[in-house]
Number of protein chains: 2
Amino acid sequence: MTYCVGIKINAGLVFLSDSRTNAGVDHISTFRKMIVYERPDERFMVLLSAGNLSISQSVREMLQVEELREHEDAPPMTIWNARSMFDAARVLGSAVRHVYERDGESLKQAGLDFNVSFIFGGQVKGEAMRLFMVYAAGNFIEATSETPYFQVGESKYGKPVLDRVLAPDTPLDAAAKCALVSMDSTMKSNLSVGLPLDLVVYEADALKSDRVICIDGDNPYYRMLHSSWGKKLREAFDSLEDPAWDGSEAPSPLRVQAARHAPIRKIANPNERLI
Amino acid sequence: MTYCVGIKINAGLVFLSDSRTNAGVDHISTFRKMIVYERPDERFMVLLSAGNLSISQSVREMLQVEELREHEDAPPMTIWNARSMFDAARVLGSAVRHVYERDGESLKQAGLDFNVSFIFGGQVKGEAMRLFMVYAAGNFIEATSETPYFQVGESKYGKPVLDRVLAPDTPLDAAAKCALVSMDSTMKSNLSVGLPLDLVVYEADALKSDRVICIDGDNPYYRMLHSSWGKKLREAFDSLEDPAWDGSEAPSPLRVQAARHAPIRKIANPNERLI
């Protein structure tokens with residue numbers, strides 16, 4: 001599997017991907033899932049991919065040459081000349097559709113879904129930053145301030161911390177930290193997501209980024225975060241009041257039966273009816 | 001969906017279930033998923049169910065009358081006379097198989113999987129506590145000290161905290177708190193899991209429990225836990241060092257390229273080759 005997350009906040013964009021792929025648990029490999037497209041001071045885009053590796057690699061290859069035409073006489077549009085991220089996402093969607101036309105039928109005959117999804121975001125000069133999630137049908141959705149992030153792959157383990165932390169005014173470094181904590185929780189509970197990680201942090205309107213880093217188990221910050229987060233989470237957990245069953249003077253007693261609901265069904269013999 | 005968790009530690013057992021069911025997001029109902037079987041000082045068992053509600057309700061009904069015979073002349077074994085939790089789990093497995101025989105073919109014709117799973121645990125006098133996960137085929141696995149919990153339903157959101165906190169020597173109240181935190185994280189990120197919650201805490205060798213409680217949004221302990229956990233998690237997150245990109249004197253610098261891995265692929269023009 002895979003876990004990738006893309007975040008759009010006022011201060012910038014964060015992209016983070018793992019690099020594990022597997023065809024069964026006995027066939028695990030490392031493939032990097034992030035590509036950065038950068039023409040400094042003009043456009044900066046990041047692509048994260050999840051799903052069938054043969055499809056996502058083909059789409060990435062195709063994207064280099066993909067041209068979209070509005071009509072026959074229109075000049076070809078590529079990710080390198082698209083005037084907006086929306087148009088660039090359309091070019092990506094078109095590349096996905098071309099791969100589907102080429103491989104979809106054969107995959108179906110082999111009993112395989114055309115399973116692929118992308119997070120694609122960045123900024124084109126003259127426009128605000130934008131973040132998209134592109135589906136296997138080449139259609140896409142865009143992140144808004146209410147939903148400032150997209151995930152692809154093994155997304156559930158790492159979702160609660162994103163939901164609790166991210167808001168449009170989250171500082172950029174905190175958003176990067178949040179993505180790393182989300183990834184760390186995912187790797188803790190799911191072997192199909194693994195190091196090294198690829199991280200890009202993009203500052204709004206910079207139209208380039210040198211905060212582009214491959215992180216493995218030796219990275220000092222990641223090691224600190226991995227051990228500190230586990231410890232701090234544990235401390236936070238320990239500092240939560242334990243449930244008090246017996247002392248009636250507990251400030252937050254647990255022993256209060258929900259008034260609007262029946263007690264839990266307790267059965268004492270085989271002849272009792274359930275309802 | 002559903003989220004249920006059962007925990008077995010040295011000090012006892014914890015069972016927690018939500019009560020939301022849905023057939024599509026526009027058909028959400030409340031169904032309780034926990035049943036307690038108790039004959040004080042002789043046997044104490046708890047059943048949690050997930051999956052297709054018609055199947056799990058049928059299995060619960062059937063379990064009341066299910067009899068398993070080793071051979072034709074053997075006396076019938078039920079959950080009420082089984083001499084071990086293992087045998088009781090076999091009776092449950094047999095009930096699942098009877099429901100499959102009755103409904104499996106019709107469900108298949110309707111395009112539905114025979115989708116059901118159970119957490120079943122407790123203690124029979126003369127034996128240690130045991131905890132099982134019973135599958136749709138009636139087969140089952142047992143929790144050990146390395147894996148002291150089972151989850152059914154929407155299990156991924158709430159798994160990281162269980163993985164970080166639970167160990168055989170975890171105190172019983174801490175395990176109950178951990179189950180509630182795991183449930184709270186799940187409800188935060190997934191609408192298909194919802195209040196009220198059913199909680200049972202069983203102390204080893206008690207062979208009965210009065211720590212059996214239905215918890216809704218008015219429960220003082222749950223309200224405290226819900227608000228404090230979010231706040232403490234946020235504090236723990238904020239107290240983690242932010243990634244330092246620029247200051248070389250940061251104690252845990254993030255800007256260290258993984259030595260064994262290539263930098264992230266940065267593409268600057270359409271003619272560049274990917275590999």
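**A two-chain interface and a sheet shared across it**

Ten salt bridges are found by the rule across the interface of chain B and chain A, a salt bridge being a side-chain nitrogen of Lys or Arg within 4 Å of a carboxyl oxygen of Asp or Glu. The model is a predicted one, in which local features need pLDDT of at least 70 and side-chain atom pairs count only at pLDDT 80 or more, while totals for chains, interfaces and linings use all residues; side-chain values use heavy atoms, with hydrogens and water left out. Residues are numbered from 1 along each chain as its sequence is written, and chains are lettered from A and ligands numbered from 1 in the order in which they are written.

One of the salt bridges can be looked up directly: the side chains of Lys156(B) and Glu154(A) meet at 3.0 Å, N to O. The contact (heavy atoms within 4.5 Å) takes 86 residues from chain A and 85 residues from chain B. Together the two chains bury about 8400 Å², with 61% of it on carbon and sulfur atoms; buried area here is the accessible area (1.4 Å probe) that two parts lose on being put together, summed over both. Arg164(B), Phe237(B) and Ile264(B) supply 10% of the area that chain B buries against chain A, more than any other three residues.

The interface also brings strands of the two chains together. Helices (H or I, at least four residues) and strands (E, at least two) are DSSP runs, numbered from the N terminus, and two strands pair if DSSP finds at least two bridges between them. An open sheet of six strands, with mixed pairing, follows the order E9(A)-E8(A)-E7(A)-E6(A)-E5(A)-E13(B). Strand E9 (140–142) of chain A and strand E13 (265–267) of chain B stand at the edges with a single partner strand each, so one side of each is left without a neighbour in the sheet. From one strand to the next, the twist averages 20°, where axes are lines fitted to C-alpha atoms, for helices over the stretch in contact, and angles run from 0 to 180 degrees between N-to-C directions.

Within chain A, strands E5 (residues 34–39) and E6 (residues 43–51) run antiparallel and are joined by six bridges; Glu38(A) has Phe44(A) as its bridge partner in E6(A). Helix H1 (residues 53–63) of chain A lies across E5, E6 and strand E7 (116–124), running at about 160° to E6(A).

Strand E13 (residues 265–267) of chain A pairs with E5(B) in the parallel sense over three bridges, and there Ile267(A) stands opposite Tyr37(B).
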